[in-house]
Amino acid sequence: QLQLVESGGGLVQSGGSLRLSCAAFGFTLDYYVIGWFRQAPGKEREGVACLSNIHTRTYYVDSVKGRFTISRDNAKNTVYLQMNSLKPEDTAVYYCAAEPGITTPAQAMCNMDRFPGYWGQGTQVTVSS
């Protein structure tokens with residue numbers, strides 16, 4: 001069974017940090033473009049940070065640039081999102097996603113030009129003021 005399983009969410013004060021992890025089971029992430037998305041109550045899901053495959057280029061939505069970092073560890077088949085200087089507006093359910101595509105640009109992934117085929121169950125991040 002193909003699965004993405006997120007962990008690492010929680011409650012943190014404004015200015016704090018969290019690291020989200022997303023482990024893949026049943027398939028290898030080596031040939032996938034990957035991304036982190038979030039959805040706050042009453043808002044649409046948005047791509048936050050994405051990482052292409054062959055070129056290992058990143059894309060970040062403007063609101064998280066300089067604060068969030070996406071990375072992958074192919075040996076552990078895991079994707080990470082390091083979130084620093086968190087703000088209350090970062091509060092959302094965070095999802096990792098993967099889509100087959102060796103050459104898919106990171107921005108295309110975050111823009112959901114093609115809806116990613118694999119999603120995790122989501123992890124709640126709450127930032128208090």
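1. Long-range contacts. In this predicted model, 62% of the protein chain's contacts with a separation of 6 or more come from residues 24 or more positions apart. One example of sequence distance set against spatial distance is Gly-9 with Val-93: 84 residues apart in sequence, 8.6 Å apart C-alpha to C-alpha.

2. Overall dimensions. The chain has 129 residues, and a compact globule of that length would have a radius of gyration near 14 Å. The protein chain has 14 Å, so the two agree. The C-alpha trace spans about 40 × 25 × 25 Å along its principal axes. Of the 129 residues, 47% count as buried.

3. Secondary structure. The chain has one helix and 11 strands. The order from the N terminus is β-β-β-β-β-β-β-β-β-α-β-β. The helix, α1, covers 106-110.

4. The main core. The largest nonpolar core has 30 residues. Which residues have the most contacts inside it? They are Leu-29, Phe-68, Leu-81 and Met-83. Strands β3 (18-25), β4, β5 (46-51), β7 (68-73), β8 (78-83), β9 and β11 (123-128) each give two or more residues to this core. Nonpolar side chains tend to be buried together in soluble globular proteins.

5. Phe-68 in detail. Beyond its neighbours within four places in sequence, Phe-68 is in contact with Leu-81 and Met-83. Its other contacts include Val-48, Tyr-60, Leu-86 and Tyr-94. The list also holds Arg-38, Gln-82, Asn-84 and Asp-90.

6. The second core. A separate core of seven residues includes Val-33, Phe-37, Ala-97 and Ala-106. Phe-37 is buried, at a relative accessible area of 0%. Phe-37 also belongs to an aromatic cluster with Tyr-95, Phe-115 and Trp-119.

7. Aromatic pairs. The whole structure holds six aromatic pairs. One of them joins Phe-37 and Trp-119, tilted, with 4.9 Å between centres and 55° between planes. Why does this pair tie together parts that are 82 residues apart in sequence? Because Phe-37 lies in strand β4 (residues 32-39) and Trp-119 in strand β10 (residues 118-119). Trp-119 also pairs with Phe-115, again tilted: 5.3 Å centre to centre and 35° between the planes. Phe-115 is exposed, with a relative accessible area of 53%, whereas Phe-37 is buried.

8. Arginine over the cluster. Arg-45 lies over the face of Tyr-95, at 3.9 Å from the ring centre. The charged end of Arg-45 also sits over the ring of Trp-119, 4.7 Å from its centre. Tyr-95 and Trp-119 are both members of the aromatic cluster.

9. A buried glutamate. Glu-99 is in strand β9 (residues 92-100). Is Glu-99 buried or exposed? Its relative accessible area is 10%, so Glu-99 counts as buried. The side chain of Glu-99 makes a polar contact with the side chain of Arg-114, at 2.9 Å. The Glu-99 side chain also reaches the backbone nitrogen of Gly-117, at 2.6 Å. Setting aside residues up to four places away in sequence, Glu-99 touches Tyr-32, Val-33, Met-109, Arg-114, Phe-115, Pro-116 and Gly-117. Among these, Phe-115 is a member of the aromatic cluster, and Val-33 belongs to the second core.

10. Backbone outliers to check. Asn-77 is not a glycine, yet has a positive phi of about 55°. Asn-77 is in the loop between β7 and β8 and is buried, at 15% relative accessible area. Met-112 is another non-glycine residue with a positive phi, near 55°. Met-112 lies in the loop between α1 and β10. Met-112 is partly exposed, with a relative accessible area of 22%.

11. The Gly-9 loop. Where is Gly-9 found? The residue is in the loop between β1 (3-7) and β2 (10-13). Gly-9 is partly exposed, at 32% relative accessible area. Outside its neighbours within four places in sequence, Gly-9 is in contact with Leu-20, Thr-123, Gln-124 and Val-125.

Definitions and conventions:
Residues are numbered from 1 along each chain as its sequence is written. This is a predicted model: local features need pLDDT of at least 70, side-chain atom pairs count only at pLDDT 80 or more; totals for chains, interfaces and linings use all residues. Side-chain values use heavy atoms; hydrogens and water are left out. Rings of Phe, Tyr and Trp (its six-membered ring) pair if their centres lie within 6.5 Å; planes under 30 degrees apart count as stacked, over 60 as edge-to-face and the rest as tilted. Helices (H or I, at least four residues) and strands (E, at least two) are DSSP runs, numbered from the N terminus. Buried means under 20% relative accessible area, exposed over 50%, partly exposed in between (1.4 Å probe, protein chains only). A charge sits over a ring if NZ of Lys or CZ of Arg is within 6 Å of the ring centre and within 35 degrees of the ring normal. A polar contact is a pair of N or O atoms within 3.5 Å; within protein, one must be able to donate a hydrogen and the other to accept it, and residues adjacent in sequence count only if both atoms are side-chain atoms. Contact means heavy atoms within 4.5 Å. A nonpolar core is a set of buried Ala, Val, Leu, Ile, Met, Phe, Trp, Tyr and Cys residues joined through side-chain atoms within 4.5 Å. The radius of gyration is taken over C-alpha atoms; the globule rule is 2.2 Å times the number of residues to the power 0.38.
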